[in-house]
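User: I am new to reading protein models, and I would like to learn how to go through one feature by feature. Could you take me through this one slowly?

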Amino acid sequence: MKVRRLLVIALACLLFTPALALAGAKTITLWYPAGDITAGAAHFADKALFAEFEQKTGIKVEAVGMDYDTMQQKIFAAAAGRNIADILFVDDSWMPGFLKEEMLEQVAAPKAKAWLDTVSPEIRTLSDFGQGQMWGYVQYGIDVYGLTWNKDQFKEVGLDPEKPPKTWAEFREYAKKLTKRDAQGNITRVGYAIRHVGQPHGVVHKHFWAIYGAGAALVDNPLALRGGKTMINTPGGKAALQLVVDMLDVDKSTSLNFPDPRAAFLKGIASMQISETVSIHARAPKEAPDLKWGMALPPVPKAGDRPATNLGGWLYVVPKLAKNKVEAWQAIEWINSPAMDYELCKKYDASPRYKVNWDKEPFKSDPYNQALKQLYPYGLKLPINLGFNGVMEATGNAIQKSWHHEASVDAALAEAERLANKAIADAAK
Amino acid sequence: MSSHGRGSIRKLVARWHARRIFHAYLFIAPVVVLFGIFRVAPSIQTLLYSFYKVELLRGRFTFIGLENFQALLTDEIFRRATMNTLTYVVAIVPISAFLGLVLAVLFNAEFRLKEVFKAIYFAPMVTSTVAAAMVWWWMYNPQFGIFNVLLRLVGIPDQPWLMSSRMALPSVIIFSVWKTLGYNMIIYLAGLQAIPPQFYEAATIDGASAFGRFRRITIPLLAPTTTFILIYNSILAFQVFDQVFVLTGGGPANSTNVVVLDLYRQAFERYNFGYAAAEAMVLFLFIMGITVLQYVYSQRYEVSY
């Protein structure tokens, strides 16, 4: 009888001890996009990511993966339901929507200043929402768009595999040479793959280099939250859209049948594409291990023009309605410290944020990271205008209409200008 | 309350109790309560929201009267979405009803493996729209999709399908016809089997041809079934969302944007809940109008036997 009683007590202790231990620890939640949407988000699946922090503070970080396509909507619905995560890991292009709703906690001014003073210039660009205001911390491994090309295919058509096209004229010439057709004349490999379907945001992202490179802009003042106007219906904007129309119709060096530039490039059915370099770097070893590829700035309209490309990043933010704000900031500050930046970038083969870490190995002599450094100075942050969603939709639709020959470039951009300015005005109300 | 009033209430309760009205209400109460919570209340809330500027996060509701509806009148994207929705409805409802009828007539005869083929035609109906749309997305893929492979075999050049502003909406319609065909076939089949065979026998004796019998007997006697199919399919077609969301996301260039997708975007991407509610009310009026119209018109062809 005694033995049985003892066994029952021991079992009860075994069952209750972990429960009591857990009850003592505070758990905070972090929402991130599941899948390989961004290289950095995949790290949250690593249970060891916050292990040291949890051990030091007794605060447990529970990372919850969400579907990328509906994540923004779920965040908003959760906020409206007053039941939101403590930390959100969000795409910087979502920020205007969140700011419009005054949904986020602002980073305290002294902390923002300290961060902006110690990170590299491109991280500063992405973090600063005007006059040193910050709403979150940019994660390591930021994205910069670049031209990537297949070196073997360059060689195959007699092009120097180490010399990418620098101007639009060269770009068109190279793309023509690289295009391959079957016996019936159907294109089996495009010289340059274009993104022209899916969310208008994605379409604009992939053509941002040409729009900004030609002197046009989505919004006149990128750091103004309210007001302003679009600069898309300008000679530069028209030239940027016309470039692809000519490649489709005159050169026939691209096609509407290759809608995913990155996938087409990795499959070897597109010789050049312009998109997230970090994505190609992450995917190539798995999907195209034999691919020899180069990375450079996108071409410019004419020699001497300044190249332009888009910088993008993911941020750790804290919603105003989070239940554990203090602990959330504690976890964010821990993972974004210079020491963790170095450790995690080394572990996950990502590019660091702090100036001091760029001077350390392996980043100092890593060719990929050094190549990225060449692109960063030309990277532009997306506008933070509260009507930005509408601007992107209008511009994306104009691109699609002109490339699909549903409207002339002039008509498509005139409509885009009208709709984008309306979106800016509506958002400012 | 007077004693007379109390007495009559007591009598009423006793009468209801005797007639077991309470029992009846008790049995249907779960459905009524759930329907009220999840259907009626949100609908009333949507109606109210349509007259407000709704800022959910700030908990701020500003009455703006008909401003949301006025803005809809000048909204080019909403206009496009409405036109696309109408095109979709006008295309899918008659096509899927007609093909459903053709299949039902074929399946009304006896032949080998009839049940297997019936199951094959009905299978899309019980398949998840999202899952089926994902498969069709690949089938429509210009490079690797089965449709272009088949076109190549007969010497027709590749088509861009969902990638083209012109072809995207027809491509979505083709998918939706495939998805709804089986259901219409089953309903028509039930309608056909309810027609008394004596009518056909009498017509045959009178020398009516097969087409004559179909035109003079089958079509009129199927009128109630056709009414049901047209109304049911119209309501579903006006609410189209899943397949558009998965196949095209409303693009390219809004060429497949539909009202429900647009209101979803207004609500959850632009956070304009009041405006989205106004769109929902307009859609509701469309559906109600078409339903009433079809119902009233179909009364002319109502038959009984």
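Analyst: Let us begin with a single residue, H281(A), which sits in helix 12 (residues 277-287) of chain A; helices (H or I, at least four residues) and strands (E, at least two) are DSSP runs, numbered from the N terminus. This is a predicted model, in which local features need pLDDT of at least 70 and side-chain atom pairs count only at pLDDT 80 or more, while totals for chains, interfaces and linings use all residues. Residues are numbered from 1 along each chain as its sequence is written, and chains are lettered from A and ligands numbered from 1 in the order in which they are written.

User: Is H281(A) buried or exposed, and how is that decided?

Analyst: The general idea is to count neighbours: a residue is buried if 20 or more other C-beta atoms lie within 10 Å of its own, exposed if 12 or fewer, and partly exposed in between, with C-beta atoms placed from the backbone. H281(A) has 21 other C-beta atoms within 10 Å, and therefore it is buried. Distance along the chain can be set beside distance in space as well: H281(A) and N324(A) are 43 residues apart along the chain, and their C-alpha atoms are separated by 36 Å.

User: What would a partly exposed residue look like in chain B?

Analyst: Take A223(B), which belongs to helix 11 (residues 223-238) of chain B. A223(B) counts as partly exposed because it has 16 C-beta neighbours inside 10 Å. From A223(B) to M185(B) there are 38 residues in sequence and 15 Å in space, C-alpha to C-alpha.

User: Which residues are buried in helix 14 of chain A?

Analyst: The general idea is that an α-helix has 3.6 residues a turn, so residues three or four places apart point the same way. In helix 14 (residues 338-348) of chain A, the buried residues are D341(A), L344(A) and C345(A). They lie on the same side of helix 14 of chain A, because they cover an arc of only 100 degrees around the axis, the arc being that of the directions from the helix axis to the C-beta atoms. On the other side of helix 14 of chain A, A339(A) and K347(A) are exposed. The buried residues of helix 14 of chain A pack against helix 15 (355-358) of chain A, and D349(A), just after helix 14 of chain A, takes a positive phi of about 55 degrees.

User: How should I read a nonpolar core, and which residues touch the most other members of the largest one?

Analyst: In soluble globular proteins, nonpolar side chains tend to be buried together. A nonpolar core is a set of buried Ala, Val, Leu, Ile, Met, Phe, Trp, Tyr and Cys residues joined through C-beta atoms within 7 Å. The largest one here has 173 residues, and I87(A), F89(A), A331(A) and V391(A) touch the most other members. Helix 8 (residues 168-193) of chain B gives the most to this core, with 11 residues. Apart from it lies another core, of 7 residues, which includes A282(A), L344(A), C345(A) and A350(A). If residues up to four places away in sequence are not counted, A331(A) touches I28(A), F50(A), F53(A), I59(A), V61(A) and I87(A).

User: How many residues does each chain bring to the contact between chain A and chain B?

Analyst: Two residues are in contact if their C-beta atoms, placed from the backbone, lie within 7 Å. Chain A brings 26 residues and chain B brings 20 residues. On the side of chain A that touches chain B, helix 3 (68-80), helix 4 (95-100) and helix 17 (388-403) of chain A each supply at least two residues, and the largest share, 5 residues, comes from helix 3 of chain A.

User: Where are the domains of chain A, and how far apart do their centres lie?

Analyst: Domain bounds come from an automatic or database domain assignment, which divides chain A into domain 1 (2-141 + 313-373) and domain 2 (143-311 + 383-428). Their C-alpha centres lie 32 Å apart, and 17 residues of domain 1 of chain A are in contact with 18 residues of domain 2 of chain A. Helix 4 of chain A gives 5 residues, the largest share of the side of domain 1 of chain A that touches domain 2 of chain A.

User: What can be said of chain B as a whole?

Analyst: Chain B has 14 helices and 2 strands, and 31% of its 305 residues are buried. Chain B is divided into domain 1 (3-49) and domain 2 (68-301), with C-alpha centres 38 Å apart.
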